[in-house]
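Q: Hey, I'm new to this one. Can you walk me through it?

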Amino acid sequence: MLTVRDLSRRYGSFTAVNNASLNIEPGQIVGLLGHNGAGKTTIMKMLSGYLEPDAGEVTLDGINLANNPKAFQAKLGYLPESLPVYPDMLVADYLDFAASLKGLQGRQKNQQIKQAISATALETRLLSSISSLSRGYKQRVGVAQALLGEPRLLILDEPTNGLDPQQTQQMRHLIKEVAKRATVILSTHIMQEVEALCDRVILLSKGEVQLDKPLSELKNSSQVVVCCDAAPAQLGFISRLNGVQRFNLVTREGEHYKYHLDLTPEAEQSLVCAELVQKLIHCGIRVFEVGQLNRDLETLFSEYSHKESSHAA
Ligand SMILES: Nc1ncnc2c1ncn2[C@@H]1O[C@H](COP(=O)(O)OP(=O)(O)OP(=O)(O)O)[C@@H](O)[C@H]1O
């Protein structure tokens, strides 16, 4: 279990992360999302002990990062945003070095290195220097070193960055495997990645946690779409229906008026739809479509971003 309490970090007078708190259970894959500069990398660096917070506390399975960094980092795998920095080293030597840094020795060390090589399919590049590798292979080396020591917490800063579609699939499969025994936090800008991998989504904005929800809940829209042949002036009764917060006309094509209804959090969507249809028909209005509004993640995030900028204005 990872517990983060009131984590903050400033660069000079600029606050990059402000009072971030979260609890993450083992086995969860958590997507850390946000615009460029939202604070994702800063948070990940603090969670991995590479950057000291100005305030706040991080514990993993009860081990406090500030009080016991060695024990904490022994349980951690971290793929930083920038890739391994030892360009002249051979891949095999680099992994051996990284395993020693994690305190692995003897047979256990060899076994861990073998497992990491096999998980990231690096067998054919072991005797290549890191500088000669393609971006995708460098990324695999970064992931391989993160896997050493069977981490309880794996932090991956944009793990599929630079990978081709096949490697991306392999990486996603690998992350799911690791999550069977560890907590995984990954940052990404790719919404398909979130859909394919994450159980939970944390959206950062200007260094603050803006949203923290299970993906299923996030996608479970509390909006209804209705298309009928009535203009807004005829539909005043909709906003008085139980469970409806507001409704907006979104498009009109001829006699097809399309509306979105925002429901209250406790509203039962099917009951609202049933009452709505009954009322519309009772008023002699023709109904072309009624149902849940399905939005993809891209749309959801642009909506949240829009909310952010309208709050800021
Ligand atoms: N070393 C630093 N000195 C000063 N400002 C910094 C430093 N590192 C990051 N920042 C600033 O802190 C903010 C958060 O940066 P961070 O790299 O954490 O964002 P991010 O969400 O990871 O962005 P991206 O998606 O572009 O990688 C940005 O405004 C950035 O310019």
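A: Sure, let's start with the overall build and then go through the strands.

Q: Okay, what kind of model is it, and how many helices and strands does the protein have?
A: It's a predicted model. The protein has 10 helices and 14 strands.

Q: Is the protein a compact globule or more spread out, and why?
A: More spread out: its radius of gyration is 24 Å, well over the 20 Å that the globule rule gives for 313 residues, so it isn't as drawn in as a compact globule. Along the principal axes, the C-alpha atoms fill a box of roughly 80 × 40 × 30 Å.

Q: And how many of the residues count as buried?
A: 35% of the 313 residues.

Q: What about contacts between residues at least 6 apart in sequence?
A: Of those, 67% join residues at least 24 apart.

Q: Let's get to the sheets. Which strands form the open one?
A: There are 6 of them, in the order 6-7-8-3-9-10, with mixed pairing. Strand 6 (76–79) and strand 10 (208–214) stand at the edges with a single partner strand each, so one side of each has no neighbour in the sheet. On average, neighbouring strands here are turned by 15° against each other, ignoring direction.

Q: Mixed pairing? Remind me what the options are.
A: Strands of a sheet pair through backbone hydrogen bonds, and they can do that parallel or antiparallel.

Q: So which sense do strand 6 and strand 7 use, parallel or antiparallel?
A: Parallel, over 4 bridges, with strand 7 covering residues 153–157. L76 has L153 in strand 7 as its bridge partner.

Q: Which helix lies across those two strands?
A: Helix 5 (residues 135–147) lies across both, and it runs at about 170° to strand 6. Helix 6 (residues 165–179) packs on the sheet too, touching strand 3 (29–33), strand 7 and strand 8 (183–187). The direction of helix 6 makes about 145° with that of strand 8.

Q: Switching topic: what does strand 11 pair with?
A: One partner is strand 13 (residues 256–263), antiparallel over 6 bridges. Another is strand 14 (residues 287–292), also antiparallel, joined by 5 bridges.

Q: Which residues stand opposite each other there?
A: V225 stands opposite H260 in strand 13, and V226 is opposite V290 in strand 14.

Q: Last one: which residues of strand 11 are on the covered face, and which on the uncovered one?
A: In strand 11 (residues 223–228), V224, V226 and C228 make up the covered face. The uncovered face has Q223, V225 and C227.

Notes
Residues are numbered from 1 along each chain as its sequence is written. This is a predicted model: local features need pLDDT of at least 70, side-chain atom pairs count only at pLDDT 80 or more; totals for chains, interfaces and linings use all residues. The radius of gyration is taken over C-alpha atoms; the globule rule is 2.2 Å times the number of residues to the power 0.38. A residue is buried if 20 or more other C-beta atoms lie within 10 Å of its own, exposed if 12 or fewer, and partly exposed in between; C-beta atoms are placed from the backbone. Two residues are in contact if their C-beta atoms, placed from the backbone, lie within 7 Å. Two strands pair if DSSP finds at least two bridges between them. Axes are lines fitted to C-alpha atoms, for helices over the stretch in contact, and angles run from 0 to 180 degrees between N-to-C directions.
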